[in-house]
Amino acid sequence: AALAVTAATVAVPAKSAEIAGFRTPSNNIHCQFIDGDNEFPANLRCDIMKVDTPVPAPPQDCDGEWGRSFSITHADQIGQMICVGDAVYDESHPVLNYGLIWQRGGFTCTSEESGISCFNARRHGFSLSRAVRKVF
């Protein structure tokens with residue numbers, strides 16, 4: 001499917017670096033690393049299920065879900081809120097406990113009780129929590 005291309009000190013064990021995704025201890029946020037190909041770049045996508053604040057109105061060209069899915073690539077652009085017709089929720093993904101770091105394919109995510117922050121090597125990405133969702 002095409003995607004529109006959004007301080008922990010304890011490292012995740014090396015074995016975890018092989019895992020393509022994770023979920024937060026609250027099970028509210030699930031993230032998935034998606035390998036790139038000739039048509040689409042590698043990206044990291046995270047979906048948040050429950051939020052405490054309203055989501056923005058979707059753009060006119062979005063006929064899917066809006067306001068709960070975020071993506072980043074290796075490009076210079078900031079993280080993005082994306083329009084989706086699917087979800088990356090996967091109960092088989094391991095839990096990334098609070099205070100730990102997940103890394104794969106040039107992306108880094110930190111898990112905190114307040115939410116997660118994910119970014120690429122250029123420090124572009126997104127932060128997700130029930131209260132705030134932002135791209136940078």
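This is a chat between a student and a tutor about the strands of one predicted model.

Student: How many helices and strands does the chain have?
Tutor: In this predicted model, the secondary structure comes to 0 helices and 11 strands, and reading along the sequence you meet the pattern β-β-β-β-β-β-β-β-β-β-β.

Student: Okay, take β3, is that one mostly covered or uncovered?
Tutor: Strand β3, which spans residues 29-34, is mostly covered, since 5 of its 6 residues are buried.

Student: And how is β2 joined to it, parallel or antiparallel?
Tutor: Strand β2, residues 21-23, runs antiparallel to β3, and 3 bridges join the two; if you look for one particular pair, Phe 22 has Cys 31 in β3 as its bridge partner.

Student: What do β2 and β3 form, and what is in the turn?
Tutor: The two strands form a hairpin with 5 residues between them, and in that turn you will find Asn 27, whose phi is positive at about 65°.

Student: What about β4, how many bridges does that pairing have?
Tutor: Strand β4, residues 43-48, pairs with β3 over 6 bridges, again in the antiparallel sense, and within that pairing the bridge partner of Gln 32 is Arg 45 in β4.

Student: Switching to the whole chain, what share of the residues is buried?
Tutor: The chain has 136 residues, and 43% of them count as buried.

Student: And how much area does the chain expose?
Tutor: The exposed area of the chain is about 7400 Å², and carbon and sulfur atoms supply 52% of that area.

How values were computed:
Residues numbered from 1 in each chain as written. Predicted model: local features only at pLDDT ≥ 70, side-chain atom pairs only at ≥ 80, totals over all residues. Heavy atoms only, no water. Buried < 20%, exposed > 50% of the residue type's maximum accessible area, 1.4 Å probe, protein only. Helix = DSSP H or I, 4+ residues; strand = E, 2+ residues; numbered from the N terminus. Pairing = 2+ DSSP bridges. Areas by Shrake-Rupley, 256 points an atom, 1.4 Å probe, with all protein chains shown as cover.
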